[in-house]
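Reader: I have a model open and want to go through it piece by piece. Can you take my questions as they come?

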Amino acid sequence: MARLVRKANGAALIQYELGKVKQTVWLGRVDKKTAGTWLYHVGKLVEAKAYNVAARQETVDWTIELDDARYGRLSDRGLVPPRRLPEPVEVMTLGAMFDRYIERRTDLKASTKAALDQAKRVSVEFFGEDRDVRTVNTATAKDWRRHIAGKHSEGYVAKLIAKAKTVWADALERGLIDVNPMKGIKNGAEVNRAKARFVLAADVEKVIAVAPDPEWKALIALARYAGLRVPSEPLALRWSDIDFETGKMIITSVKTEQHDGKGVRVVPIFPELRPHLLALFEQQAAAGEVYVITRYRGTKQNLRTQFERYIRAAGLAAWPRLWQNLRASRATELVDRFPSHVVSAWLGHSEQIADRHYRQVTDDHFAKAIEVAAGVANGGGMERNDAEPVQPDQQDSPEKRKKPRKSGLSSGRYRARTCDLQRVMLAL
């Protein structure tokens, strides 16, 4: 059904007839062996086409190994189906990966998007804007982490890595990458204890005294005495949220509003805070103001710079994390006076977060521990917590009082004294 024809110039071609139509497959200059192979397989393809059956597997395998140009000569004659070209694979660049993720996340707050932009910036700085994300592996991701760790603080690095991991994990879920290079990269500690400072209330009162107006005084007092997050929570506070008669105020938290039941909390109007709120209320009530803080609501207001100026005017040195340490100081004070779960409800954070970010060891803690230790050493005892009932076996029976232990203590008091000493050691 097919025959090989050679031209005078050495070129070869295969002629065959299919459906009473003569057709030709041009081979060009080929050796005798190659020409014979073509003649054999083309003949099998013509035969399969004529009888409408599948070609033999050996012929199918032979066609698969042909390059696109030679395969095209057969598909143009209808002997084989057109070869499907592989669909072009979209090259996802690093910059586009971050941009698309941020665009899709319409539920994110501006502050979170800003953090993602920062993670993109440091990633692009190292890898390049147009870097194919499939070429980033775990080794290069570790190089990137070491690079940013050498330029930024540990806490900032941890936040950058956390945000970058979110974007890379999303890319894996969408099939943009086969392996997440960030998996296994350690974030590090977001809490920098070196910047933790307990700000004394006496120092805060000095700053409040030099603050220029009642709004600034109230703003500082809200941060230090109510533990509000500045600027979001004071700016959201309305006069309708404050009830001076019951001594309570409703705080709306932008940061936690996405969590069910955690966007609003009720906070006491603490005695240290009350006079500053009343002074501001007397000034604004007649004006019919809705918000407690009205003059510093603009996004371009630099509260940090102004606050530092007032701290210096009060004769003090600015402490790290100006507003956060005010909140942390209040959390530390309150947990010494009230149950931990109560303080967490007032300040709007979990007990775990409070332990990691807010609570601090103060000089008063050391002073109390030393005082208690001195009392124990002098034969006194730590004051028993009234909430802890005395067990029956800790009470002195008449028989035990008649036969005191060699230590000079009854069995119950001996156990209590041992517990006291253990508490002291833990405190120290």
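Author: Before the sheets, one term: two strands pair if DSSP finds at least two bridges between them. Also keep in mind that this is a predicted model.

Reader: Fine. How many bridges join S5 to S6?

Author: 5 bridges, and the two strands run antiparallel. One pair across them is Met249 and Val267, the latter in S6.

Reader: And what order do the strands of that sheet take?

Author: S4-S5-S6, an open sheet of 3 strands with antiparallel pairing. Strand S4 (242–243) and strand S6 (264–268) are the edge strands, each pairing on one side only.

Reader: Now the N-terminal end. What is the strand order in the sheet with S1?

Author: The order is S1-S2-S3, in an open sheet of 3 strands with antiparallel pairing. Strand S1 (2–6) and strand S3 (21–28) each have a single partner strand, so one side of each has no neighbour in the sheet. On average, neighbouring strands there are turned by 25° against each other, direction ignored.

Reader: How many bridges are there between S1 and S2?

Author: S1 and S2 are antiparallel over 5 bridges. Val5 has Leu13 in S2 as its bridge partner. The hairpin of these two strands has 5 residues between them, and Gly10 in that hairpin takes a positive phi near 95°.

Reader: Over how many bridges do S2 and S3 pair?

Author: Strand S2 (residues 12–18) pairs with S3 over 7 bridges, in the antiparallel sense. Glu17 stands opposite Lys22 of S3.

Reader: Which helix lies across S1, S2 and S3?

Author: Helix H1 (residues 32–51), which runs at about 15° to S2.

Reader: Other backbone oddities? Which way does the phi of Asn52 go, positive or negative?

Author: Positive, at about 55°, although Asn52 is not a glycine. Most residues other than glycine have a negative phi. Asn52 sits in the loop between H1 and helix H2 (57–64). Its relative accessibility is 71%, so Asn52 counts as exposed.

Reader: And where is Arg321?

Author: In the loop between H12 and H13. Arg321 is not a glycine either, and has a positive phi of about 45°. With 26% relative accessibility, Arg321 counts as partly exposed.

Reader: Is the peptide bond from Val230 to Pro231 cis or trans?

Author: Cis, with omega near 10°. Most peptide bonds are trans. Pro231 is in the loop between H9 and helix H10 (232–236).

Reader: Helix packing next. At what angle do the axes of H4 and H5 cross?

Author: Roughly 175°, and the axes of helix H4 (residues 94–104) and helix H5 (residues 110–127) come within 10 Å. Angles over 145 degrees count as roughly antiparallel, so H4 is roughly antiparallel to H5.

Reader: Which residues meet there?

Author: From H4, they include Leu94, Phe98, Tyr101 and Ile102; from H5, among others, Leu116, Ala119, Val124 and Phe127. By class, the contact has 8 nonpolar, 2 polar and 4 charged residues.

Reader: What about the largest nonpolar core: which of its residues touch the most other members?

Author: Trp216, Ile220, Met249, Phe307 and Trp323, out of 47 residues in that core. Several elements give two or more residues to this core, among them helix H8 (201–210), strand S5 (248–252), helix H11 (274–284) and helix H14 (340–347). The largest share comes from H9, with 8 residues.

Reader: Pick Trp323. What does Trp323 touch?

Author: Leaving out residues up to four places away in sequence, Trp323 touches Trp216, Leu219, Ile220, Ala223, Val230, Leu303, Arg304 and Phe307.

Reader: How many residues are in the second core?

Author: 27, including Met97, Phe98, Val136 and Ala171; this core is separate. Phe98 also belongs to the H4 side of the contact with H5.

Reader: Last one. Is Ala158 buried or exposed?

Author: Buried, with a relative accessible area of 0%. Ala158 is in helix H7 (residues 154–173). From Ala158 to Arg145 the distance is 9.6 Å, C-alpha to C-alpha, and the two are 13 residues apart in sequence.

Technical notes. Residues numbered from 1 in each chain as written. Predicted model: local features only at pLDDT ≥ 70, side-chain atom pairs only at ≥ 80, totals over all residues. Heavy atoms only, no water. Helix = DSSP H or I, 4+ residues; strand = E, 2+ residues; numbered from the N terminus. Axes fitted to C-alpha atoms, helices over the stretch in contact; angles between N-to-C directions. Contact = heavy atoms within 4.5 Å. Parallel < 35°, antiparallel > 145°, perpendicular 65-115°, else oblique. Nonpolar A, V, L, I, M, F, W, Y, C, P; charged D, E, K, R; others polar. Core = buried A, V, L, I, M, F, W, Y, C linked by side-chain atoms within 4.5 Å. Buried < 20%, exposed > 50% of the residue type's maximum accessible area, 1.4 Å probe, protein only.
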